[in-house]
Amino acid sequence: MIEKTVSTLAVPSQENREAIARTERSVPSHDSMMAGLEAMNTIEIGGIVTAPAPLAFPFTVAAWNLERCLFPEESAEHLRATGARLVLLSEMDNGMARTAQRHTTAAIAPALEMQYAYGVEFIELGLGSDTEREFCKDDFNDKGFHGNAFLAAVPFRRPFLLRLWGERLWFMDDADQPRLGERCAVGTVIETEAGPFVAVSTHLESATTAAYRERQMKELIDQLDAAFPGLPILIGGDLNTGNHIGGDFEAEGLFAASAASGFARHGGPIDQMTTRPSLITRWPKRAMKLDWFLARGLKIAESRIIPSLDASGRPLSDHDLITCVVEGFE
């Protein structure tokens, strides 16, 4: 568990990133480089908090895979409309050419009057896919950071990052989108009027099997239980359920595994998918149910799926936004 915090993540030099891109593709090489990079072993804390703790029930939580976050201001407005007090974000760029080199989480947080914790999932060694390159005005990345974020309208404590270690897939197969890193979870402890609970923003692996994601979820839950024994837990984000297995989310073993540990799933209407065509992901038939909340020790009143379209009908992401209302502790 990574708990060291900084106000600004250290940026590897262009020369360092070029050296990473040239290095041998092996797990030991990958892990050695990861261990030596401060940005991969710290959490950035920023933003502001205007509301006092503790958090009062009921409150809304939003989770959204923002697909790089091409439009931070419009995305913040979309989130503001939900009234969410906690926001769990994934696929957030920081210093990438395709998103105008912006720190997209840092752009969204003040618009929502929230504090944020940001962790790097990958250091991107290229400019992205062919469609992403269409958005690039530069031929380089200032930072190359891509990661997950947790935002809150109330103070949080003990922010952390957990790596969901696997087979270093994006480093070992670097044909299209070469990356250094692994999927991760970013979370904090939130104080409520009934006591503390743990909230976690996560992103499971897409380019793999259901068994791989089940292992990631089991390891995540085990680490949370070890670090925060007895506390209620809310996990939210893009679990990639059904990806690369024909879209059959019910074939995912992670649901049974999490249920065995006391978690209930919430993801809006069971027959409503959470993906859509976007400016980056343009395949019109790609519809899957990837996004969920998993809750233990919390009363969830309802969960919804909100189309990720701005006021003009433009898609802000290839994922729709999901929300849930937390009524209290069980």
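**Notebook: strands, a helix pair and some unusual backbone spots**

I began with one residue pair: Val61 stands opposite Leu86 in strand S4. Before going on, I noted that this is a predicted model, where local features need pLDDT of at least 70, side-chain atom pairs count only at pLDDT 80 or more, and totals for chains, interfaces and linings use all residues. Residues are numbered from 1 along each chain as its sequence is written, and side-chain values use heavy atoms, with hydrogens and water left out.

A word on labels: helices (H or I, at least four residues) and strands (E, at least two) are DSSP runs, numbered from the N terminus. I count two strands as paired if DSSP finds at least two bridges between them.

**Entry: S3 and its neighbours**

I looked up which strands flank S3, residues 59-68. On S4 (residues 86-94), I found six bridges to S3, and the two run parallel. Here Trp64 has Leu89 of S4 as its bridge partner. Strand S15 (residues 321-329) is joined to S3 by five bridges, and this pair runs antiparallel. I picked out Thr60 there, whose bridge partner in S15 is Val325.

Next I checked cover. My terms: buried means under 20% relative accessible area, exposed over 50%, and partly exposed in between (1.4 Å probe, protein chains only). S3 is mostly covered, with 10 of its 10 residues buried. Why is S4 largely enclosed by the rest of the structure? Nine of the nine residues of S4 are buried, so that description fits.

**Entry: the loop before S3**

I then stepped back to the loop between strand S2 (43-47) and S3, where Pro54 has its place. A cis peptide bond joins Ala53 and Pro54, with omega about 0°. Pro58 is found in the loop between S2 and S3 as well. The bond from Phe57 to Pro58 is also cis, with omega near -10°. I wrote a reminder beside these: most residues other than glycine have a negative phi, and most peptide bonds are trans.

**Entry: positive phi**

With that reminder in mind, I looked for phi values of the other sign. Arg158 is not a glycine, yet it has a positive phi of about 50°. I found Arg158 in strand S7. Is Arg158 buried or partly exposed? Its relative accessibility is 33%, so Arg158 counts as partly exposed.

Asn240 is another residue other than glycine with a positive phi, near 55°. Its place is the loop between strand S11 (233-238) and helix H8 (253-260). Asn240 is buried, with a relative accessible area of 2%.

**Entry: the six-stranded sheet**

I traced an open sheet of six strands in the order S7-S9-S10-S11-S13-S12, with mixed pairing. Which strands lie at its edges? They are S7 and strand S12 (264-266), each pairing on one side only. From one strand to the next, the twist averages 20°. That angle, like the others here, runs from 0 to 180 degrees between N-to-C directions, and axes are lines fitted to C-alpha atoms, for helices over the stretch in contact.

I followed the order from S7 (residues 156-163), which pairs with S9 in the antiparallel sense over six bridges. Arg157 stands opposite Val189 in S9. S9 spans residues 184-192 and is mostly covered, since eight of its nine residues are buried. On to strand S10 (residues 195-203): S9 and S10 pair in the antiparallel sense over eight bridges. Ala185 stands opposite Thr202 in S10, and a hairpin joins S9 to S10 through two residues.

Further along, S11 and strand S13 (residues 291-296) pair in the antiparallel sense over six bridges. Leu234 has Ala295 of S13 as its bridge partner.

**Entry: two helices in contact**

Last, I turned to helix H3 (residues 72-80) and helix H4 (residues 104-112), which pack at an angle of about 40° with their axes 9 Å apart. The pair is therefore oblique (under 35 degrees counts as roughly parallel, over 145 as roughly antiparallel, 65 to 115 as roughly perpendicular, and the rest as oblique). H3 passes H4 in a right-handed crossing (the near helix is turned clockwise from the far one by less than a right angle; anticlockwise would be left-handed).

I listed the contact, meaning heavy atoms within 4.5 Å: Pro72, Ser75, Ala76, Leu79 and Arg80 of H3 meet Thr104, Ala107, Ile108, Ala111 and Leu112 of H4. By class, the contact of H3 with H4 has seven nonpolar, two polar and one charged residues. For those classes, Ala, Val, Leu, Ile, Met, Phe, Trp, Tyr, Cys and Pro count as nonpolar, Asp, Glu, Lys and Arg as charged, and the others, Gly among them, as polar.
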